[in-house]
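Got a model open and not sure how to read it? Let's go through a few features together, one at a time.

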Amino acid sequence: MKKRSSWKRFFEIKGMRNALTAFAGLIVIYIVFGIINTKVFSLMNFLNVLRSMSKYLLVGIGQSYVMITGNIDLSIGSVVAMSTMLVAKLMTMGVHPALAILVALACGLLIGVINGFLVGKFKLPPFIATLGTMFVARGVGYIVNNNRNTDSINSALSKPVADHFQNLFYYGKFLGIYNTFWIALILFIVFFFVLSKTRTGRHIYAVGSNVDAARLAGVDVNKTTTITYLVSAFCATVVGVILCAQASMGNMEAGNMYEMYGVAAGVIGGVSPLGGSGLLLGTFAGAGVWQVLENGLNMVHAQVGIQRIVIGVIVVLAVLADILLRNRKKN
């Protein structure tokens, strides 16, 4: 009897059903593509899927934090580009990778603070506020190397240092799995704990559910909003470092559309763009669905346009389902 009660409580966790549905969809999609092309089931392909999924998971974590408060962050992709360019540029000047990453992180977090203040304190619509910082961050990315992609980081760093940086963030493995996935998994666990087990997490959900009620209950709405944008900026910066390690250079166009990838990962996993509900567990599944779809469609040689249409339809249906479910509960 107690076991049944525990399972019942588990399924009654707000957002859990959506997360489990996303995981079920992930498994079905993976199996379907594997039947069409057995190479999908190969170990090499599976490991590559995990590594590529990690970038979507990270931006999904950041965007999910923001969406749960009922806001959105359009600056994610530009922060990715700015971070990539800053890290690469500094390393081409001979700066140690650790210091270069810290500088990029400081700049990324500054964008997060600005977003938080504009939305939380000054009450700017999040679409407008983050649209502005999106252009600013992308502009910084362009200015860093005079409107050019950077040279290879190997041009200034010794080969051992450059190789260590690239292996740590992209090419290296631990227990047979790429480090990129381990980095994303560790951050997922940390931010999952914060969101589900701490007062800060409860405040984030409260702000998204009813900002006025949260304020009356003593929640510091400005601080909570800023925290979510800081998480988003932090995750975007990490993705920027990963992309730099992958390409061994800075690309001004890096991170293009990543803010939408974050929205897709969260929404597919059941995070409501209307705020107040959703689990990072669902975001994990959503990032997996996105990557498996992308990988599977590539394996069956579908055109890029078809890939975008399929994923776009899934995102719209996920949001529509959320709205219909909310309306049903109200009635």
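What follows is a short chat about helices, burial, contacts and a surface patch in this predicted model.

Q: Let's start with burial. Is Q63 buried or exposed?
A: The general idea is a cut-off: buried means under 20% relative accessible area. Q63 has a relative accessible area of 0%, so it is buried. You'll find Q63 in helix α3, which covers residues 43-68.

Q: What does the side chain of Q63 reach?
A: For a buried polar side chain, look for a polar partner. Here the side chain of Q63 reaches the backbone oxygen of E259, at 3.1 Å. Leaving aside neighbours within four places in sequence, Q63 also touches other residues, including I72, D73, I76 and S232. G262 and V263 are on that contact list too.

Q: Now a glycine. Does G208 count as buried or exposed?
A: Use that cut-off again: under 20% is buried. G208 comes in at 12% relative accessibility, so it counts as buried. G208 sits in helix α9, residues 199-209. Beyond its neighbours within four places in sequence, G208 is in contact with I68, T69, G70, L274, G275 and G276.

Q: How do I compare separation along the chain with separation in space?
A: Put the two numbers side by side. R17 and G270 are 253 residues apart in sequence, yet their C-alpha atoms are 8.5 Å apart. For another pair, G208 and G112, the gap is 96 residues along the chain and 18 Å between C-alpha atoms.

Q: And R17 itself, is it buried or exposed?
A: Exposed means over 50%. R17 has 56% relative accessibility, so it counts as exposed. Its place is in helix α2, residues 16-36.

Q: How can I check the span of helix α8?
A: Work out an expected span, then compare it with the distance between the end C-alpha atoms. At 1.5 Å a residue, the 19 residues of α8 (179-197) should span 27 Å, and the end C-alpha atoms are 27 Å apart, so the two agree.

Q: Which residues of α8 are buried?
A: Among them are F181, I183, A184, L187, F188, F191 and L195. N179 and T180 are buried as well.

Q: Last one: which residues form the nonpolar patch on the surface?
A: Look for nonpolar side chains grouped together on the outside. Here I306, I309, V313, L317, L320 and L324 make up the patch, with about 550 Å² of accessible area together. Take L320, which lies in helix α14, residues 304-330. Its relative accessible area is 42%, so L320 is partly exposed.

Key. Residues numbered from 1 in each chain as written. Predicted model: local features only at pLDDT ≥ 70, side-chain atom pairs only at ≥ 80, totals over all residues. Heavy atoms only, no water. Patch = residues over 30% accessible without salt bridge, like charges linked within 9 Å, V, L, I, M, F, W, Y side chains within 5 Å. Areas by Shrake-Rupley, 256 points an atom, 1.4 Å probe, with all protein chains shown as cover. Salt bridge = Lys/Arg side-chain N within 4 Å of Asp/Glu carboxyl O. Helix = DSSP H or I, 4+ residues; strand = E, 2+ residues; numbered from the N terminus. Buried < 20%, exposed > 50% of the residue type's maximum accessible area, 1.4 Å probe, protein only. Expected span 1.5 Å × (residues − 1). Polar contact = N/O pair within 3.5 Å; in protein donor to acceptor, adjacent residues only side chain to side chain. Contact = heavy atoms within 4.5 Å.
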